[in-house]
Amino acid sequence: MVLAGQSYQLLFVSTPLGPLGSGVGGGVELTLLNMLDALTQRGHQIQVVAPQQSQLPQTKIITVAGSPQIPAQTQTRQTPIHIPANSVLANMWLQVLALQSQFDLIVNFAYDWLPLYLTPFLTTPVAHLISMGSLMDAMDQMIGQIADQFPHTIGVHTRAQANTFPFAQHCYPVGNGFNVSRYQFTPHPDAYLCWLGRIAPEKALEDAVAAADRTGLPLKIMGHIQDQAYLEQIQAQFPEADIDYLGFLDTDVMQDVLRRSQGLLVTPRWVEAFGNVVIEALACGVPVVAYHRGGPAEIVRQGETGWLVEPDSVDGLVEAIHKLPEIDRQACRQQAEQEYSLTAFAERLEQWFDKILSQRGQ
Ligand code: HBI
């Protein structure tokens, strides 16, 4: 148990998809940065193991070479676990093996089989932050096994995400947290909409383009292009739509565009584990129009901080866009400050780590 005020020595092990700071790792990159922020502010000592070319301000980072993992969401449920030659994931966990005795706890950010499988072989406890819902049988089986063998070590963002797994009741919800002060509250918007996120089929950008096009409002798009052909297919499908792809931008630049929008469209085709972009919008005072599905449906307060619409209904999106002016933008900012601040997140994380470490004692 860590007594109040005692600090942890933590080892964060990043996602093996690509370098931290590249956006290839999607939402989990921002989650790692926010956890680093939140826990460092509370006096904990953190080091990070991540793929080569990773960038991290003022943090001790150990970068590792090797071939990236295949993104799990591009696999089918029955796909076997793939480990490429010279796997960066395997190389990162060799580093963990060598360093583990210096730390109280290891925090795994990868949605991958290997870190889970290695847990029983490590002498330092591992907290697994599972960043997506159920995708593959081999992963479900491995996560479930560790959830059973090491109680409370499977962390998730929302109940909706946990409920996609057969072992939902063994998942430990930690929500998420953001440095809300990095987002500038903007009371009076310009006349455009935003869409944020990894550009890939499971995010259904085409629905947002279709809805914005029908309202006549320009749509500004930001995020990492994971599937270039998918984006080009949308541009071809809506040649007349007033859409602007601005790239994968640093938070400060991104929020300067987001904060001046009338609303953020969130159109997940899958069960979004959390929906970082929802909080980023709320922090700017920007109301959210989201499909009533997954994490965003647990965050958006209907009629207060946004509108939840019938999943996959473009008509529903259009109707909600017309109702955006009814939302009080100050209420959006307040929800971000109250529920998703770094302080609130750090408290939830410390409780989670305490639970794991006290379990270890027995
Ligand atoms: N796929 N294999 C694999 N490993 C990850 O860590 C991973 C992923 N897909 C997406 C992802 N992580 C992150 O973008 C999550 O935040 C969604």
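Start by selecting cysteine 194 and looking at its sulfur: the closest cysteine sulfur, in cysteine 284, is 9.0 Å away, too far for a bond. Keep in mind as you explore that this is a predicted model. Cysteine 194 is also buried, with a relative accessible area of 0%.

Next, click on cysteine 332. Its closest cysteine sulfur also belongs to cysteine 284, and because the distance is 10 Å, the two are too far apart for a bond. A disulfide needs the two sulfur atoms within 2.5 Å. How many disulfides does a search of the whole structure find? Zero.

Stay with cysteine 332, which is buried with a relative accessible area of 0%, and now select helix H12, residues 329-339. Buried residues here include Arg329, Ala331 and Cys332, along with Arg333, Gln335 and Ala336. To see some of what covers them, add helix H9 (276-283) and helix H10 (294-299). Then go to the N-terminal end of H12, where aspartate 328 acts as a cap. One of its side-chain oxygens lies 2.8 Å from the backbone nitrogen of glutamine 330.

Now turn to the ligand. Show the 18 residues around it; Thr15, Gly25, Ala72, Gln73 and Asp112 come nearest. Coloured by class, this shell has nine nonpolar, seven polar and two charged residues.

Zoom in on three spots:

- Valine 28: a backbone N or O atom lies 2.8 Å from a ligand oxygen.
- Isoleucine 70: a polar backbone atom is 3.0 Å from a ligand nitrogen.
- Glutamine 73: a polar side-chain atom sits 2.8 Å from a ligand nitrogen.

Finally, show the ligand's surface: alone it exposes 390 Å², and the protein buries 96% of that.

Technical notes:
Residues numbered from 1 in each chain as written. Predicted model: local features only at pLDDT ≥ 70, side-chain atom pairs only at ≥ 80, totals over all residues. Heavy atoms only, no water. Near = heavy atom within 4 Å. Polar contact = N/O pair within 3.5 Å; in protein donor to acceptor, adjacent residues only side chain to side chain. Areas by Shrake-Rupley, 256 points an atom, 1.4 Å probe, with all protein chains shown as cover. Nonpolar A, V, L, I, M, F, W, Y, C, P; charged D, E, K, R; others polar. Buried < 20%, exposed > 50% of the residue type's maximum accessible area, 1.4 Å probe, protein only. Helix = DSSP H or I, 4+ residues; strand = E, 2+ residues; numbered from the N terminus. Contact = heavy atoms within 4.5 Å.
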